[in-house]
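Me: Please take me through one strand in detail, in short steps. Then show me what else is worth a look.

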Amino acid sequence: MEEPKANVTTSGSEHGEKKEDGAGGPIILFFILGLVSSLVVGWIFFPPLVYSTKRQPIDFNHALHNGLVDNGCESCHFFREDGTYSGAPKLAQCVQCHEEANSEDPEEIKFVENFVKKEREVPWLVYARQPACVFFSHAAHVKMANIDCVTCHGPIGESESLRPYQENRISGYSRDIWGKHPLGLKRNPWDRMKMDDCAECHAQAKVSAGSVQTQRDGCLVCHK
Amino acid sequence: MKIDRRSFLAFVIGGAAGTTLSPLPWKLTDDISIWSQNWPWTPVPPRDERAFINSTCTLCPGGCGITVCKVGERVVKVEGRKDHPVNDGGVCPLGVAGVQLLYSPTRVRTPLKKVDGAWREIAWDTAIQEIAARLKDLREKGQPQSVAWVSDSDRGTVAELCKRFLTVYGSPNFIRTPSIQDSYELALYLTQGQRAMAGFDLANATYVLSFGSGVIEGWGSPPYLFRAKSAMQKAGGSFSQLEGRLSKTAAKADQFIPIKPGTEGALALSLVHVILKEGLYRKNFLQDHATGGEALTQLAGDDFAPESVAKLTGVEAKTIVDLAKAFAGAQKPLAVCGRGNGRQVSGNPQEFLAVHFLNALTGSVNAAGGVVAVPEPDYIDWPEPEMDAVASKGMQQARVDGAGGKDFPLSRYLLNRLPEVLNAGAASPVQALFVSGGNPAYSLADSATVEKALKKIPLIVSFSAFMDETAAMAHYILPNHVYLERFEDVPAAQGFPKPIIGLAKPVVKPLFNTRHTGDAVMQLAKAIGGNVAAAFGWESYAACLQESLGDKWDGLKAEGYWVDAKFSPAAFETKSKKFEFANADIALLPAYAALKAPGDDKSFPLTLVPFDTLRLGVGTIGAPPFLVKALEETLLTKNDGLVEINPADAQKLGLADGADAVLTTPRGSARVKVALSDGIMPGLVAMVRGLGHTAYDRFLAGKGVNINSLMSSVEAPGSGFEAAWGIRAQLTRA
C-alpha cells in the first residue's frame, strides 16, 4: 500500500526533502547570499546611481549677502508687483551692486567676468524646484499664511557656500524634492517636499482652501 | 559545494526578497511615475516674469487691439485686448497663432541676395548700396517710371514712405494689392464724392442683407464683425445671406438664399427695381439728400424686374419681392457685399454701386446702423518733396497698370493687369519691382501667367519677413521685422464705422538681423542721394512716426489707440452736395451686367468658385501650423485638397465622397479629393483659398491646391478691377 503513495506528488516532495536533507544548509546559504547582496546593491550602490551631481555656476555666499541687505531674504527673493514670486535673482538685480567686482573673491570675479560682462543670465540650479505638473504659489504661503522662508527652505540664508545640486537621472528633478534619505525619510520639512508633505502640513494647519477655479479642495489646487 | 538549480533558485529568491526590502524598486517606480507625469518633451513655458503688453495686430487690416503675454523675453500667447473699441477682447485664429509667425522657421533672418539661383547672405549696407546702384542706373537712363512698388496698403506712414520714395524717384507706379476696398472706395467716391473707407455700423442695424460677404469669415475686421453680427441678432435683428454655397456665415444667418454666384449685382438691382416701383424707399432722403433718382429708375428698369432676373440669379421672383419688402420695411436695414473675406479680389464696382444704391434708397448711408464713409486719416502731413527734372518727367508718364489712364480713368490701382502688361512685349516695362506687403506670386489669379511675368522683371526686391512665394522669386530680400518686433501706425480698422488709429509696438527685441521697412526705404533713398535723399529728412523711421503722429503720439503710446468716438460722417462732397445716383463719373462705367465665368460651358460643365475660411487666416500671410492643424477634413485630408460638390452632380459624374478626382479649368488642372455637400448649389464646385503654397515651411507647403493656379483674371468693364468670382471647370474621376 505504500508504493502507490510514493507516486502522489505531495508525498513525492516529502520524499524529496528527506532525500535532500543534507543540502538544506547550502540552500539557505544561497538564499542569504542573494538576500544580502541585493540589500547591499539596493541600499548602498543603487541610491547614489539615481542622481548626477552638478556644481552651481557660482558658489554664492548667502550668509555674506544676508549681512549686507536690509530686508532679509526678500531683498533678493521678492514678490513682483503682480504677486508672482521672483525666485532666484536675475542678472539685472545682481548688477545693481556687482557691475564691477567688489572684492578679490575668486567666485565674485568669476561671476563678473563670465556673466555680468557677457550679459548672460546665471543658470542657477534651483534645489526646491517642483515638477512642472505642480502649481505652487509663494504668495499664498508667505503673504497669506505668513509662513517664513526658513520653515520650508531651512536656514539656507546662513550658508556660506552652495552645496552640490543633485539631479534625478530619470525624472530630471532635484533630489531635495524626493528627499535625501534613500527611503525618503525626513527630519526637517526641507529634507523632502513631495505631495504627502504638502498634504501633511495642509492637514495639520486645517487648510482646506479650494482651488480658485473649482472652489473645491483636492487635486486641482496644485495640479491645474 | 555544488551549485545546482535549487541553490540558484534560492539565490534568486533571496535576491528578490532583498531587493523588495531595499529602496530600489520603490524609488525606481516613483521616479518613473514622476517622469511620466512630466514628459520632458512636453513644452513648458520658462519660469520667469510674466508681462502683458498691449499692441495692435497688423496681420490683416482689421486693426484689432491685442494683449501679448510674455514670460521673460519669450512671447507665449496673443489675446484680444479687452476694452478695445474694435474687438473688445475678441481675436481671430490667425491673431492667436501670431506667436508662431514670430518664431516661424520660414522667417528670413538676414538680408539675402540671389546668386546663380541660390540665396546668399548679404550685409544690409551692401544690399542697399547694390540696389541703389541699380536704381541710379535706371534714373540715368531716363527710365525712373520703370520702377513699380506693390504694397498691401496705401495708408499709414510705411506705405506713405514707399509712395514718397517712388514719387521723388520719378515713378507713378505704386500699386496696392486688389481687395474689395477698391470697389467700396470707388462706390463712395462716385456717389458721395468722398475718398473714404466704408465702415459698417452692423451692431445697430435691424436687418442685414449680405451679398455673399463672409461676415463671420474674415470680411472687414473679423472680431468686430463677429461681435456686431451677434449683437445685432441678439437684439432681435435679422441676417440674410445670399450665396451659392452654405458658408459659415450662411449657416449662422437667419435666412439663407442660394443664388448663382456672379449675379449678386443683378439681384441688388432687382431689389432696387421693386423698392422704386412699390415706393418703398425713404422719400425724405431721396428728396432732400439725393439726385439722379430718374437715372436709377432707368438703370434698374424692366430688365431687372424680379421675373426677368429670376432665371439668371436662380432666386424666385416672389423671394426677390419678399426680400425687397423685408429690406425696405426694416427700421435700419444694411446691405453689404464683396464675396468671402474680400481680400484677394476687387469685385465688380457696378455690383457694389447697386448694393450701395440699395442702402441709399433705404436711408442707410451715413446713418446709425448703416454704411458710414470713414475719412482717410489726415495725420500724415509731410512737406511736398522737391522734385528734380527726372522725377517730374517720370511722374508724368502713364501708369504701367493703366489705372487712371484713358481706359480706366476712375481706378487707382490695377495690380491684376500687371502680368498681362509684362507679358505683352519682349522687354518688361517694369525694370525693378519692390514688394512691401502682399504676396502677388501666390494671390493673383492664374499663377502660371503671373510667374512668367515676374520672371521677366530683372530686379525684384521683397521686404517680406517670411519666405513666401514672391520673396522666393525675388533677387533681394530685405526682411522686415515681424509685427511683434516693430513700431507701426495702423491707420484704420477695416469695416469699423469710426476713424481709429492703432499703434503696433515692439513686444520683443528683433530676433534676427532684420530691419524696419520704413528704415530700409529711407536708407535706400539716402544711398541714391540728391533730391531722393533730401525728401527723407528724418533720422529714422521711429523719428518719422513720432513726428507724423504729432500730438497724438503720447496718447497713442500710452493707450495704444486713438479713436474719434464722437465721429459723425461728413456731408456729401459731390458737386450737388447730395448723394448722386448718377453723374458724369458714374457714366464712365458701363451699366451693370453680370460677368460670366471664363471658359466654355460645353467642355467645362461646372463652375469653380473660391471660398474663404478663418482657419486659414485672413490675409496673404501663409497660415501658421496652429491653423493648418485646425482645418476640417472637408478642406484638407493629409496633403490632398478637397473640392466641394453637390451629391447630385457627384452621382452624375460617378464620384463618391472622398474619391480621387482631377479638377480642370481653362487655366490648369489639379488632383483633388471629392467632398460631397448638400450645402452647395448644383452646377457649382468650390475650393478653399489659402492652400497649395509652394513656399513657406513644411507645415504649409505642398498641402492642398492653390485655387489661384486654376483661376483666370476677369477685368471689370470700365474700371479694370479684378472681378474674378469663378471659372468654368470640369471634374473627372482620377
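Reply: The strand comes after some notes on how to read the model, and other parts follow.

This is a predicted model: local features need pLDDT of at least 70, side-chain atom pairs count only at pLDDT 80 or more, and totals for chains, interfaces and linings use all residues. Residues are numbered from 1 along each chain as its sequence is written, while chains are lettered from A and ligands numbered from 1 in the order in which they are written.

Confidence comes next. pLDDT is the predictor's confidence in each residue, from 0 to 100. In chain B its mean is 95, and 100% of the residues reach 70 or more. For the complex, the predictor gives an ipTM of 0.84 and a pTM of 0.88.

Now the strand. Helices (H or I, at least four residues) and strands (E, at least two) are DSSP runs, numbered from the N terminus. Strand β24 of chain B covers residues 640-645. Five of its six residues are buried, so the rest of the structure largely encloses β24(B). Buried means that 20 or more other C-beta atoms lie within 10 Å of a residue's own; exposed means 12 or fewer, and partly exposed is in between, with C-beta atoms placed from the backbone.

What does β24(B) pair with? Two strands pair if DSSP finds at least two bridges between them. One partner is strand β23 of chain B (residues 636-637), antiparallel, over two bridges. There, B:Thr637 has B:Asp640 of β24(B) as its bridge partner. Two residues lie between the strands of this hairpin, and B:Lys638 takes a positive phi near 50° in it.

Another partner is strand β26 of chain B (residues 668-676). Here the strands run parallel, joined by four bridges. B:Leu642 has B:Lys673 in β26(B) as its bridge partner. Strand β27 of chain B (residues 684-688) also pairs with β24(B), in the antiparallel sense, over two bridges. In β27(B), B:Val685 stands opposite B:Ile645.

Next, a helix in the same chain. Helix α15 of chain B spans residues 349-361 and has 13 residues. Its first and last C-alpha atoms are 18 Å apart, close to the 18 Å expected at 1.5 Å a residue. That expected span is 1.5 Å times one less than the number of residues. α15(B) is mostly covered, with 13 of its 13 residues buried. After α15(B) comes B:Gly363, whose phi is positive, near 70°.

Then a loop. B:Asp48 sits between α2 (24-37) and β1 (50-56) of chain B. B:Asp48 has 16 C-beta neighbours inside 10 Å, so it counts as partly exposed. Leaving out residues up to four places away in sequence, B:Asp48 touches B:Val71 and B:Gly72. Contact means C-beta atoms, placed from the backbone, within 7 Å. B:Leu361 is 313 residues from B:Asp48 along the chain, and their C-alpha atoms are separated by 59 Å.

Last, chain A. It has eleven helices and two strands. Of its 224 residues, 8% count as buried. Among its contacts between residues at least 6 apart in sequence, 62% join residues at least 24 apart.

The contact between the chains takes 31 residues from chain A and 28 residues from chain B. Helix α3 of chain A (residues 24-50) gives the largest share of chain A's side, 17 residues. That side divides into 20 nonpolar, nine polar and two charged residues. Nonpolar covers Ala, Val, Leu, Ile, Met, Phe, Trp, Tyr, Cys and Pro; charged covers Asp, Glu, Lys and Arg; the others, Gly among them, count as polar.

Key. Contact = placed C-beta atoms within 7 Å.
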